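Trainee: Got a minute to go through this one with me? I'd like to start from a turn and work outward.
Mentor: Sure, pull it up.
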Amino acid sequence: MKSIIIDDEEMARAIIDKLSSNNKNLNLIESFSNAIEAIKYLNQNSVDLIFLDIHMPTFTGFDLLQTLKNPPKVILTTSDKNFAIEAFEYDCIVDYLVKPVTQERFDKAVQKATLFSQTNKVESKPKDTEVINELYVNIDRRLVKINFATINLIEAKGDYILIKTDSKNYTVHSTMKKIEEKLPDDLFLKVHRSFIINTTKIIDIEDNSVLIGNNVIPVSRSNRPELMKRLNLL
Amino acid sequence: MIYEKPNLNYLKEISGGDLEFEEKLLIIVKKELPEEINSYKKFLNENNFKQAAELVHKIKHKISILGLEKSYQVAIDYEEELKQDNLNLKLEFEEILNSMICFIKMV
């Protein structure tokens, strides 16, 4: 795997360089002390794997990931355990190494990256049926990524829609019709004129309402048969 | 107060006997650590605790490289406390710095 290191600390770069040289699956091609230089490089060259430090001055590792359109696989390297939760938000991150990194732990992370890439190769064969797992919404001139799996429900609010996820609510200027077209049918269902729900998030159903998280959502009579059809009823 | 001595166990473990690599790493530590300590003290004198915390963050990695596992935890806590303008761990942290400086002068 062609790999690069991005870390502002010379010592950290030297250590990853050494650990890489002991791993026969890796071909370390470049090393960068700041994210900006790395972005320039990545815009013109393709790599399979990035060893990325999170805590860097001015432009952090997460900032860098947000600028890359199709990021390669990433192994985070950090002195902070606190970022682990944020790391789960990125599909490209395959592992999280806390410094100081041992050879054994390093090799394990590389193995994960290798497996990850093999799995992806198999999955990416039928390109015309590529699965999209997320949606980008425009919020204050920023395109924010929301994974379908994290969405609990969508509620119409006049000229806006409210997207409620596990961790956050997003108010977006759009219509129910538009978002309905963007959502995968197997996960989402319109149960009411003003509500689309993620059917995997249903806790229970009572007559004409469903419970998702602590939200009670009305189910209109005309949409109820379709909802019932989706359930694996005993 | 923590009593543990800096050592080269981690460096030797990852070097696999590559003396050139060990030397390279020690040169970096010898060059950077005094500079980082000076900057840390400067920021502290200016009551710029956020920047001082940044320096503790940088030094933290060197603490772990020199095998100081318990001291590493002190540095983690001190970095967080400095961000809250809290200097409770200052003396303990600076003792660690002293022992590191003595050590790198010997190796």
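Mentor: Start with the hairpin of β13(A) and β14(A), which has 2 residues between the strands. Keep in mind that this is a predicted model.

Trainee: Which residue in that turn has a positive phi?
Mentor: D207(A), with a phi of about 45°.

Trainee: And how do the two strands pair, parallel or antiparallel?
Mentor: Antiparallel, over 4 bridges. β13 of chain A covers residues 202-206, and β14 of chain A covers 209-212.

Trainee: Which residues face each other there?
Mentor: I202(A) has I212(A) as its bridge partner. E206(A) sits opposite S209(A).

Trainee: What does β14(A) do on its other side?
Mentor: β14(A) pairs with β15(A), residues 215-218. That pairing is antiparallel too, with 4 bridges. V210(A) stands opposite I217(A).

Trainee: How many residues lie between the strands of that second hairpin?
Mentor: There are 2 residues between β14(A) and β15(A). G213(A) takes the positive phi in this hairpin, near 60°.

Trainee: So what's the order of the strands in the sheet?
Mentor: β13-β14-β15 in chain A, an open sheet of 3 strands. The edge strands are β13 and β15 of chain A, each pairing on one side only. From one strand to the next, the twist averages 25°.

Trainee: What holds paired strands together in general?
Mentor: Backbone hydrogen bonds, in parallel or antiparallel pairing.

Trainee: Switching topic. Which residue does UniProt list as a modified residue?
Mentor: D53(A), given as 4-aspartylphosphate. That comes from an unreviewed UniProt entry.

Trainee: Where is D53(A) in the fold?
Mentor: In strand β3 of chain A, residues 49-53.

Trainee: Buried or exposed?
Mentor: D53(A) is buried, because 25 other C-beta atoms lie within 10 Å. The cut-off for buried is 20 or more.

Trainee: Which residues does D53(A) touch?
Mentor: Leaving out residues up to four places away in sequence, its contacts include D7(A), D8(A), T77(A) and T78(A). I6(A), A12(A) and G61(A) are also on the list.

Trainee: I6(A) rings a bell. Which core is I6(A) in?
Mentor: The largest nonpolar core, which has 55 residues. I6(A) is among those with the most contacts inside that core, along with V74(A), I75(A), V56(B), I63(B) and A75(B).

Trainee: Which element gives the largest share of this core?
Mentor: α3(B), with 6 residues.

Trainee: What does V56(B) touch?
Mentor: Y40(B), A75(B), Y78(B), E79(B) and L82(B), not counting residues up to four places away in sequence.

Trainee: How many residues are in the other core?
Mentor: That core has 15 residues and lies apart from the largest one. I217(A) is among its members, as are L189(A), V191(A) and I196(A). We met I217(A) in β15(A), opposite V210(A).

Trainee: Now chain B. How many helices and strands?
Mentor: 5 helices and 0 strands. Chain B has 107 residues, and 32% of them count as buried.

Trainee: How many residues does chain B put in contact with chain A?
Mentor: 16 residues of chain B, against 15 of chain A. α1, α2 and α3 of chain B each supply at least two residues to that side. The largest share, 7 residues, comes from α3(B).

Trainee: What's the make-up by class?
Mentor: On the side of chain B that touches chain A, 7 residues are nonpolar, 4 are polar and 5 are charged.

Technical notes:
Residues are numbered from 1 along each chain as its sequence is written. Chains are lettered from A and ligands numbered from 1 in the order in which they are written. This is a predicted model: local features need pLDDT of at least 70, side-chain atom pairs count only at pLDDT 80 or more; totals for chains, interfaces and linings use all residues. Two strands pair if DSSP finds at least two bridges between them. Two residues are in contact if their C-beta atoms, placed from the backbone, lie within 7 Å. Ala, Val, Leu, Ile, Met, Phe, Trp, Tyr, Cys and Pro count as nonpolar, Asp, Glu, Lys and Arg as charged, and the others, Gly among them, as polar. A nonpolar core is a set of buried Ala, Val, Leu, Ile, Met, Phe, Trp, Tyr and Cys residues joined through C-beta atoms within 7 Å. A residue is buried if 20 or more other C-beta atoms lie within 10 Å of its own, exposed if 12 or fewer, and partly exposed in between; C-beta atoms are placed from the backbone. UniProt positions are given in the numbering used here, feature names are shortened, and annotations may be inferred rather than shown by experiment. Axes are lines fitted to C-alpha atoms, for helices over the stretch in contact, and angles run from 0 to 180 degrees between N-to-C directions.
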